[in-house]
Amino acid sequence: MRRPPTEPPIVRAALLVVAVVFLAVFLVLPLAAVFAQALEKGLGAYVTALREPDAWAAIRLTLLTAAIAVPLNLAFGLAASWAIAKFQFPGKGTLLTLIDLPFAVSPVISGMIFVLLFGRQGLLGPFLGAHDVRVIFAVPGIVLATVFVTFPFVARELIPVMEAVGPDEELAALSLGARPWQMFWHVTLPNIKWGLLYGIILSNARAMGEFGAVSVVSGHIRGLTNTIPLHVEILYNEYNFQAAFAVASLLACLALVTLLAKSLVEWRSRRAARRNEPAQEAA
């Protein structure tokens, strides 16, 4: 049996060198610079920067925003992917386009849209003001902007998975007397769990690191509406570089944890697919 043609060793070595250099310049060196600057004045200064009240407020707000946005994206992603993958209905293509909308619209523009809708001079501003409801320059606006920029991630990961799995196992479960919730828990969820986890990881990382849309709707009120990225910007603009990099190191750690979790999910997904191949061939 003839072996498929491959590139010469020198070409493979050149491609490997290019890839390694690219990763070193654009990934490893920036991360190393962040941690080096964060620890430049010692561990005591690093801890002090993280324990500062405004930093704690930014961390709490970021965690709160992600804790609200990710479950909402999870619910929307499950519902949207189930509808698109399992059913045919008018407007299906439009729904797919709307799911991709945050990828096409600048986050700053999306933030401006919320200002035009919910701001004091916006479309709904007079009504909200009359009922003493604050959206812009408050936590609700930050949550809305974060949900908007992150809601495609779960749906876009689940749609191809559900389309590939197909409805056969679910129809078999229903024909055997399973209730809809039992079918979802014991049939659908095991088939989509890795895609679901992948989408949640990406959604959470984007929610905690979002800058553009949140910057527009937050008002940059220190200790109240600043998330971690906004707090880093303020510290950097005040030439407090060590504190800025100390807080930024939290986002760098989040990026590393996200990459690790992403790699783990991909590895487990490939492993599960290899285990299922013999059973599918036998069937």
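Q: Is glutamate 238 buried, partly exposed or exposed in this model, and what is its relative accessible area?
A: Let's start with a reminder that this is a predicted model. Buried means under 20% relative accessible area and exposed means over 50%, with partly exposed in between. Glutamate 238 falls in that middle class, so the answer is partly exposed, with a relative accessible area of 42%.

Q: Which side chain meets glutamate 238 in a salt bridge at 2.6 Å, N to O?
A: Side chains of opposite charge can pair when their charged atoms come close. Here the N to O distance is 2.6 Å, and the partner of glutamate 238 is arginine 222. This pair links distant parts of the chain, 16 residues apart: glutamate 238 lies in the loop between helix H13 (228-237) and helix H14 (241-282), and arginine 222 in the loop between helix H12 (212-218) and H13. At 35% relative accessibility the partner counts as partly exposed, and its name is arginine 222.

Q: Which residue is linked with Arg222 and Glu238 in a network of salt bridges?
A: Happily, the story of Arg222 and Glu238 goes on, as they belong to a network of salt bridges. The residue that joins them in this network is Asp54.

Q: Where in the chain are lysine 86 and glutamate 170, and how many residues apart are they?
A: The side chains of these two residues meet in a salt bridge of 3.3 Å, N to O. The pair links distant parts of the chain. Lysine 86 is in helix H3 (residues 53-86) and glutamate 170 in helix H10 (residues 168-175), which places them 84 residues apart.

Q: Are lysine 86 and glutamate 170 buried or exposed?
A: The class called buried needs a relative accessible area under 20%. Lysine 86 and glutamate 170 are both in that class: buried.

Q: What is the relative accessible area of glutamate 210?
A: Glutamate 210 meets arginine 206 in a salt bridge of 2.8 Å, N to O. Arginine 206 counts as partly exposed because its relative accessibility is 25%. Glutamate 210 is buried, with a relative accessible area of 3%.

Q: How many salt bridges does the structure hold?
A: The pairs discussed above include lysine 86 with glutamate 170 and arginine 206 with glutamate 210. For the structure, the number of salt bridges is 5.

Q: Which helix gives the most to the nonpolar patch?
A: This surface patch of about 1,000 Å² has among its residues Val17, Phe22, Leu256 and Leu259. The elements that give two or more residues to the patch are helix H1 (9-38) and H14. Phenylalanine 22 has its place in helix H1. With 9 residues, the helix that gives the most is H1.

Notes: Residues are numbered from 1 along each chain as its sequence is written. This is a predicted model: local features need pLDDT of at least 70, side-chain atom pairs count only at pLDDT 80 or more; totals for chains, interfaces and linings use all residues. Side-chain values use heavy atoms; hydrogens and water are left out. A salt bridge is a side-chain nitrogen of Lys or Arg within 4 Å of a carboxyl oxygen of Asp or Glu. Helices (H or I, at least four residues) and strands (E, at least two) are DSSP runs, numbered from the N terminus. Buried means under 20% relative accessible area, exposed over 50%, partly exposed in between (1.4 Å probe, protein chains only). Patches are made of residues with over 30% relative accessible area and no salt bridge: like charges are joined within 9 Å, nonpolar side chains (Val, Leu, Ile, Met, Phe, Trp, Tyr) within 5 Å. Accessible areas come from the Shrake-Rupley method with a 1.4 Å probe; for residues, only the protein chains shown count as cover.
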